[in-house]
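Open the structure in your viewer and keep the selection tool at hand. Each stop below names what to select and what is there.

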Amino acid sequence: MKSKAPSIPYLIWMLVFTIIPLAMVVYYAFTDRSGNFTLQSFADSLFYTDVFVRSLWIALLSTAICLLIAYPLSYIMSRAKASTRNVITMLIMLPMWMNFILRIYAWVLLLQNDGLVDLAVHLLGLDVPLLGNAGAVVLGMVYNFLPFMVLPIHSVMLKIDNRLVEAAQDLGAGKAKVFSKVIFPLSIPGIISGITMVFVPTASTFLVAQYLGGTGDKMIGDVIENIFQRDKNVGSAISLALMIIILVFIIIMNKFGDEEAAVA
Amino acid sequence: MKNKRKLGSKIYVALVMVFLYLPIAVLILYSFNDGKTSVWKGFTLKWYYELFNNSAIMTSLYNTLIIAVLAALVSTVLGTLAAIGIYNMKKPVRSLVTNVSNIPIINPEIVTGVSFMLLFAFLGTLFNFEMGFATVLIAHISFCTPYVILNVMPKLRQMDYSIYEAALDLGCNPRQAFFKTVMPEIMPGVISGMLMSFTYSLDDFVITYFTRGPKFQTLPIEIYTMLRRRISPTINALSTLLFIITIAILIIVNVWERRAEKERTA
């Protein structure tokens, strides 16, 4: 029981199936077809800068909307009776068990011509195509990743010591003040992990934009998938860039979280 | 005033639920629609009939289950052993190993997917094999094992090490002592790690997509291919069945947990 030996099979596994594959991405990113060192792949991937920017923008927008919807919901849940709370938590998690392609396909059914939402919009006298634009992509992302925002915020809010709230009330704080001085600051760690859990998969996802967006709405994940079929080197360069952007984002968010924890 | 706020909360929760469940409800409704478009043409079960007679779907369902069961079993053994070994490491090495182990969790799925593809394509030309069942299984084990470790590690930390020593003092050999004291303590973590692996493997699309090669189909891949060809209500029938099975499993697990809880407190 004091031995490190049981981890040896996994250490070998990690070397072969985690470290070497990533090293290969780096290798292909910095070489050309014949294996010579070059930075040409990175130069070529600059062509996709606007796709990168658009993906990050869509991810940012989706994350913000998720936060706007999830925060009040988490707050309401944390104030509810335990039994109600459990039911709502269950209901929020249930759609996550459905494959994401099916969830996106469900929105295609709703938004397509003569789909239910399309018909409802027509009844309101509006005639706009709902499918095939950036708005539909953001909607799909919010639908897909909303639970990842609700769950961490909710679990942090549940842990807030009610005596702190009571103490603030005893000291004369009104509802708004209790919220801004106690509940909100203490819920920040949940917000941070929620942002990370929504932003990372949204920025790097593929397929969602293909189903819900138009031809101009492709995201970086779609580009990577597409390019790898033709050019491993440029594909690797873009993957490496994506990986580094995500890593930097996670490090910044973690730092931010640690500082918050240190203050609290 | 208080009632008004309560009503507001209820409406808000209800709206979010409509947002979450309207698409699923429509998906289910159309699985019974006797027509291919979104216009309602009457009730039918023919899409379910077609579903069960679709051999491609049934084969891919079988493949998905085999992969998920094997991936869950292998990664549970691999991950539990790894967690015990890592638990015994000293601080700097332990942090390093844990960080590397978490790479598949943190890394964008698509990057993990293409990195596997590069490796398997390279090995494939070297040893002359094609991607398929084995490469998908290896990839699934790789991204499931970190979750097993994440689940088992806290249980090891919570465990009182002296019970293991007590077992040794009372005459157990190390193996007996391990299975009689350590194993029961970490069992909840092992089980939840295994369940997590099973569901992640079952649901995976992205990594399978890049490691499956030209022929091997899993259910998510089959759904993707079907949607590429044309939208058929068979997919709705499939979604409905999957959704019902999920609810059934969740209810069973819940009841089982509650019963276990009762037994513990009794």
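**Stop 1: the core**

This is a predicted model. Begin with the largest nonpolar core, which has 155 residues. Select Ile238(A) and Phe205(B): these two touch the most other members. Next, colour helix α7 of chain A, residues 134-159. This helix gives the most to the core, with 12 residues.

Go back to Ile238(A). Which residues is Ile238(A) in contact with, leaving aside its neighbours within four places in sequence? Show Ser45(A), Tyr48(A) and Phe52(A). Then add Ile220(A), Val223(A), Ile224(A) and Ile227(A) to complete the set.

**Stop 2: a ring cluster**

Phe205(B), already selected as a core member, also belongs to a cluster linked by ring pairs. Add Phe100(A) and Phe206(A) from chain A. From chain B, add Tyr209(B), Phe210(B) and Tyr224(B).

**Stop 3: two tyrosine pairs**

How many aromatic pairs does a search of the whole structure find over all chains? The count is 30. Select Tyr27(A) and Tyr28(A) for an edge-to-face example. Their ring centres are 5.7 Å apart, with 75° between the planes. Buried or exposed? Tyr28(A), at 17% relative accessibility, counts as buried. Tyr27(A) counts as partly exposed, because its value is 46% and that class runs between 20% and 50%.

Now move to chain B and select Tyr161(B) with Tyr164(B). This pair is tilted, at 5.6 Å centre to centre and 45° between the planes. Both residues sit in helix α8 of chain B, residues 161-169. They are 3 residues apart, about one turn of the helix. Tyr161(B) is buried, with a relative accessible area of 17%. Tyr164(B) is buried too, at 4% relative accessibility.

**Stop 4: the second largest pocket**

Finish with the second largest pocket, which holds about 870 Å³ of space. Its lining has 22 residues. To find the centre, select Ile76(A), Arg79(A), Arg5(B), Lys6(B) and Ser9(B), the closest lining residues to that point.

Which elements give two or more residues to the lining? In chain A, show α3 (49-79), α4 (82-93), α8 (162-170) and α9 (175-204). In chain B, show α1 (2-30). The largest share, 6 residues, comes from α1(B).

Last, colour the lining by residue type. It divides into 10 nonpolar, 4 polar and 8 charged residues.

Terms used: Residues are numbered from 1 along each chain as its sequence is written. Chains are lettered from A and ligands numbered from 1 in the order in which they are written. This is a predicted model: local features need pLDDT of at least 70, side-chain atom pairs count only at pLDDT 80 or more; totals for chains, interfaces and linings use all residues. Side-chain values use heavy atoms; hydrogens and water are left out. On a 1 Å grid over the protein atoms alone, a cavity is a set of points where a 1.4 Å probe fits but cannot get out, and a pocket is an open set with protein on both sides within 12 Å along at least five of seven lines; lining residues have an atom within 4 Å of a point. Grid points are joined across faces, edges and corners, and a volume is the space filled by probe spheres set on the points. Helices (H or I, at least four residues) and strands (E, at least two) are DSSP runs, numbered from the N terminus. Ala, Val, Leu, Ile, Met, Phe, Trp, Tyr, Cys and Pro count as nonpolar, Asp, Glu, Lys and Arg as charged, and the others, Gly among them, as polar. A nonpolar core is a set of buried Ala, Val, Leu, Ile, Met, Phe, Trp, Tyr and Cys residues joined through side-chain atoms within 4.5 Å. Buried means under 20% relative accessible area, exposed over 50%, partly exposed in between (1.4 Å probe, protein chains only). Contact means heavy atoms within 4.5 Å. Rings of Phe, Tyr and Trp (its six-membered ring) pair if their centres lie within 6.5 Å; planes under 30 degrees apart count as stacked, over 60 as edge-to-face and the rest as tilted.
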